[in-house]
Amino acid sequence: METENKKGDLMVPFLVLNNLLFLCFYCFLVCYNRYAADDYFATFSARSRGAWGALHYYFLHWSPKPSATAAVAILTGHFQENTVLIGTGFIVFLLLLLAIIQLIRLSLKPLKIHSSGLRIVLFSVQFCCAFFFASISISETWFWLCSVLPYLLSLIALLWGLVFLFNGKRDVKTILALFISFTYVMGAAESFAVFVLFLSITGI
């Protein structure tokens, strides 16, 4: 038992150092991110046609993903490039991290495994780090605005939907949050929408 405790004590500073290095690396990439070609086109469409006009144009000519394209139109039409990219980069990562933390806590409850909040946070950041480097085409998945909002954010919304679905609460706030999460998913990513539809049909 003493050996296991010593190994656990040594793991914490290693995880802290590893997570800090990754967070510094990620922050550097987010702060120096720039629009891609489609992002500039989305900005032009949103500012020349308005958010709803751009959404209508996207739906007819480009992509039938109303929740994701609406998010793109609103962000690019009302905010400057640096604000959109830096804000989106940090908010998306924070939402993913918090969703993983909540899912780990929900998973540990039925197993009756007790873990400190610090270790859950450290392992959650480590999971985000692994997910980042395992992502297909990192530059598009994490930093291309017109890809982040339909795909990465829809995955995060799906994770939050699962959190609200399995946390055991059925108050108005939880049901509303569940509805918003799954509505975004169904209007942003078809593959995830099929999964949400399966959950709805099975009554889970």
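What percentage of the contacts in the protein with a separation of 6 or more is accounted for by residues 24 or more positions apart? The figure is 73%. The tour below goes through a predicted model, from the whole chain to single residues.

**The whole protein**

Begin with the entire chain in a cartoon view. The protein has nine helices and zero strands, and reading along the sequence gives the pattern α-α-α-α-α-α-α-α-α. Of its 204 residues, 40% are buried. Now switch on the surface. About 12000 Å² is exposed by the protein, and carbon and sulfur atoms supply 72% of that area.

**The nonpolar core**

Next, hide the surface and select Y26, F93, L96, W142, L149 and Y184. These residues belong to the largest nonpolar core, which has 49 residues, and they touch the most other members. Two or more residues of this core come from each of α1 (2-31), α2, α3, α4 (81-111), α5, α6, α7 and α8. Which helix gives the most to this core? Helix α7 does, with 14 residues. As general background, nonpolar side chains tend to be buried together in soluble globular proteins.

Keep Y26 selected and show its surroundings. Setting aside neighbours within four places in sequence, Y26 is in contact with G89, F93, F132, W142 and F143. Two of these partners, F93 and W142, are also among the core residues listed above.

**Along helix α1**

Move to V30, which is placed in helix α1. Is V30 buried or exposed? V30 counts as buried because its relative accessibility is 2%, and the limit for that class is under 20%. Apart from residues up to four places away in sequence, V30 touches L85, I86, G89, F90 and F143. G89 and F143 are also contacts of Y26. For a distance to check in the viewer, select the C-alpha atoms of V30 and N82: they are 9.5 Å apart in space, while the two residues are 52 apart in sequence.

Then select L20, another residue of helix α1. L20 has a relative accessibility of 48%, and therefore counts as partly exposed. From L20 to V125 the separation is 105 residues in sequence and 9.4 Å in space, C-alpha to C-alpha.

**Helix α5**

V125 leads to helix α5, where it is one of the buried residues, together with I120, L122, S124, C128, C129 and F132. F132 was met before as a contact of Y26. Select the two end C-alpha atoms of α5, which are 25 Å apart; at 1.5 Å a residue, its 18 residues should span 26 Å, so the two values agree.

**Helix α3**

Select residues 66-78, which form helix α3. Its 13 residues should span 18 Å at 1.5 Å a residue, and the end C-alpha atoms are 18 Å apart, so the expectation is met. Colour S67, A68, T69, A71, V72, A73 and T76, the buried residues of α3. What covers these buried residues? The cover includes α2, α7 (145-166) and α8 (172-186).

**A patch on the surface**

Bring the surface back and select F41, F44 and W62. These residues form a nonpolar patch there, with about 320 Å² of accessible area together. F41 lies in helix α2 (residues 37-61). With 34% relative accessibility, F41 counts as partly exposed, because that class runs from the 20% limit for buried residues to the 50% limit for exposed ones.

**A last stop at S137**

Finally, select S137 in the loop between α5 (117-134) and α6 (138-143). What is notable about the phi of S137? S137 has a positive phi of about 55°, although the residue is not a glycine. Its relative accessibility is 35%, so S137 counts as partly exposed.

How values were computed:
Residues numbered from 1 in each chain as written. Predicted model: local features only at pLDDT ≥ 70, side-chain atom pairs only at ≥ 80, totals over all residues. Heavy atoms only, no water. Helix = DSSP H or I, 4+ residues; strand = E, 2+ residues; numbered from the N terminus. Buried < 20%, exposed > 50% of the residue type's maximum accessible area, 1.4 Å probe, protein only. Patch = residues over 30% accessible without salt bridge, like charges linked within 9 Å, V, L, I, M, F, W, Y side chains within 5 Å. Areas by Shrake-Rupley, 256 points an atom, 1.4 Å probe, with all protein chains shown as cover. Salt bridge = Lys/Arg side-chain N within 4 Å of Asp/Glu carboxyl O. Expected span 1.5 Å × (residues − 1). Contact = heavy atoms within 4.5 Å. Core = buried A, V, L, I, M, F, W, Y, C linked by side-chain atoms within 4.5 Å.
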